[in-house]
Amino acid sequence: MPRRRTKRGTDRTPLGGDYDVLICGASFAGLAVARELSGARVLIVDRYEVGERQTSACAAPTEWIHALGLEESVKQTFERLVVHTPHGTSAWPLPFTFSTFDYPRLCELLDDQNDAEFETAKVNGRTGFTVHTDRGDLSAPLIVDALGWRRVLAGDGYQPPDAPLSRGLEVHPHGSGGDLELWIDRSYVPAGYGWSFPADDELRIGVGSFDPRYHVKEPTVRLATELGEDAVRYQGNWIPHKIRPAAEDGIFFAGDSAGHCVPLTAEGIRTAWYFGIACGRELQGVLDGRATREQALESYSAFSDRHRWKFDWMLRAQRTVPRIPPRLLRRIVAALGRPALSHRAFGHYLRIAPPPSDGLLAGADRVADHVHDQVDGGNGHEPDDERVERHRPDGQQADGDSGDEVRLVVQD
């Protein structure tokens, strides 16, 4: 467990002061913003130590992890996704790899890339450009809310279960596995899915519900038990599935606080990096005197809005999938086992928040330039020369191609 930098109880020290930039939240989005800033007094505050509180299954496209220089955190890498339905199982070959990672180590590596100060403090709200914490007041002309779905600094945070939030819970038994696995099975959850994400020496098994009123502890325990694993080391969280304004009342919002989480899949890590980098570049423009705060707010908001249609389409898919008859859903799942269709579908999916291609942007420092170019002149659709170069498998082999059982094996 990471050591806290401040004490608890009566020994908890007062905190106050004025800064050039104040970043509230020290997970994926907040740390992505901070890595883009230099030549200024920047403070990051979070209720928890950096890397202390994991709230996701922690998997992301490997290209993003490498682009940000976070390779040392990788636990396991996968070239396919195995999908189970009540009527059969298929393996979807991916045009890119996913990797599970160690959350504390990844946050430590990402935190090492900034020059910001850090303090543990619970953010309670704000008045103008003064943020109120449980240790005192902090002020800055540039403030970022990267605190998650509560959107604390907006004053209009969601209140579950009456909000567009998904509910997720997972357990972390010790063990190992060879595949990323999903269960689209209404016996576990009427609208949502289950998963098992191996991470070298542990499994991350969970269930997510698109309906926040549907509790997921019982199906999570049941799924783990049916896989022969112990339901131990719980973690869970609310997951936003509707995009929100990325700038409001003078405040920048990034990650879950802006709804930068992909509906249907609940993937929010790479989107937090993607929009966090864009936000950080806009802030740096203000610090350098190239833009005013109002111009940066407008530019960052427009950048996020140009991606809104992608999130809206995924939300439509999220609402549609639970209505599809199970046998028809099985046929759709099986069809996505075909490499050409799978590569096309996941290629479009990756481009919701695309990583840099190796040829275009080699190195972590240039990821931000790629995003900033889109902020300055993009129209919401990435140009052809920014397409990601992908390594495709040499071939595929059908395994058990009979009846409802279709399984494709990716060969090296």
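Is asparagine 124 buried, exposed or partly exposed? Hi everyone, let me start there. Asparagine 124 is partly exposed, because its relative accessible area is 44%, and that falls between the 20% cut-off for buried and the 50% cut-off for exposed. This residue is found in strand S8, which covers residues 123-127. Its C-alpha atom is separated by 10.0 Å from that of aspartate 137, and the two residues are 13 apart along the chain. Please keep in mind throughout that this is a predicted model.

Now let's go inside. How many cavities of 30 Å³ or more does a search of the whole structure find? The search finds one, and its volume is about 90 Å³. Fifteen residues line this cavity, and those nearest its centre are Ser166, Tyr193, Phe210, Ile239 and Ala266. If you have the structure open, look for strand S14 (192-198), strand S15 (203-209) and strand S16 (235-240), since each of them supplies at least two lining residues. As for chemistry, the lining has ten nonpolar residues, five polar ones and no charged ones.

Next, the aromatic rings. The count comes to 16 aromatic pairs. One of them joins tryptophan 64 and tyrosine 274 in an edge-to-face arrangement, with 6.4 Å centre to centre and 90 degrees between the planes. This pair links distant parts of the chain: tryptophan 64 sits in helix H2 (residues 62-67), tyrosine 274 sits in helix H5 (residues 269-287), and they are 210 residues apart. Are these two partners buried or exposed? Tryptophan 64 counts as buried because its relative accessibility is 1%, under the 20% cut-off. Tyrosine 274 is buried too, with a relative accessible area of 0%.

Another pair is made by phenylalanine 96 and phenylalanine 98, and this one is tilted: the centres are 5.5 Å apart, with 50 degrees between the planes. Both phenylalanine 96 and phenylalanine 98 are buried.

Coming back to tryptophan 64 and tyrosine 274, they also belong to one aromatic cluster, together with Phe28, Phe101, Tyr103, Trp273, Phe275, Phe303 and Phe311.

Some rings have an arginine for company. Arginine 270 lies over the face of tyrosine 349, at 4.8 Å from the ring centre. Likewise, arginine 316 lies over the face of tryptophan 313, and here the distance to the ring centre is 4.6 Å.

On to a question for the cysteine fans: how many disulfides does the structure hold? The answer is zero. As a reminder, a disulfide is a covalent bond between the sulfur atoms of two cysteines. Two cysteines I would like to show you are cysteine 24 and cysteine 279. Cysteine 24 counts as buried because its relative accessibility is 0%. Cysteine 279 is buried as well, also with a relative accessible area of 0%.

My last stop is histidine 307. Where does histidine 307 lie? You will find it in the loop between helix H6 (293-306) and helix H7 (308-320). Histidine 307 counts as buried because its relative accessibility is 1%, under the 20% cut-off. Its C-alpha atom is 7.3 Å from that of isoleucine 352, although the two residues are 45 apart in sequence.

So that was the tour. Thanks for listening, and I'm happy to go back to any residue you would like to see again.

Definitions and conventions
Residues numbered from 1 in each chain as written. Predicted model: local features only at pLDDT ≥ 70, side-chain atom pairs only at ≥ 80, totals over all residues. Heavy atoms only, no water. 1 Å grid on protein atoms, 1.4 Å probe; cavity = no way out; pocket = protein on both sides within 12 Å on 5 of 7 lines; lining within 4 Å. Points joined across faces, edges and corners; volume = space filled by probe spheres on them. Helix = DSSP H or I, 4+ residues; strand = E, 2+ residues; numbered from the N terminus. Nonpolar A, V, L, I, M, F, W, Y, C, P; charged D, E, K, R; others polar. Phe/Tyr/Trp six-rings, centres within 6.5 Å; stacked < 30°, edge-to-face > 60°. Buried < 20%, exposed > 50% of the residue type's maximum accessible area, 1.4 Å probe, protein only. Lys NZ or Arg CZ within 6 Å of the ring centre and 35° of its normal. Disulfide = S-S within 2.5 Å.
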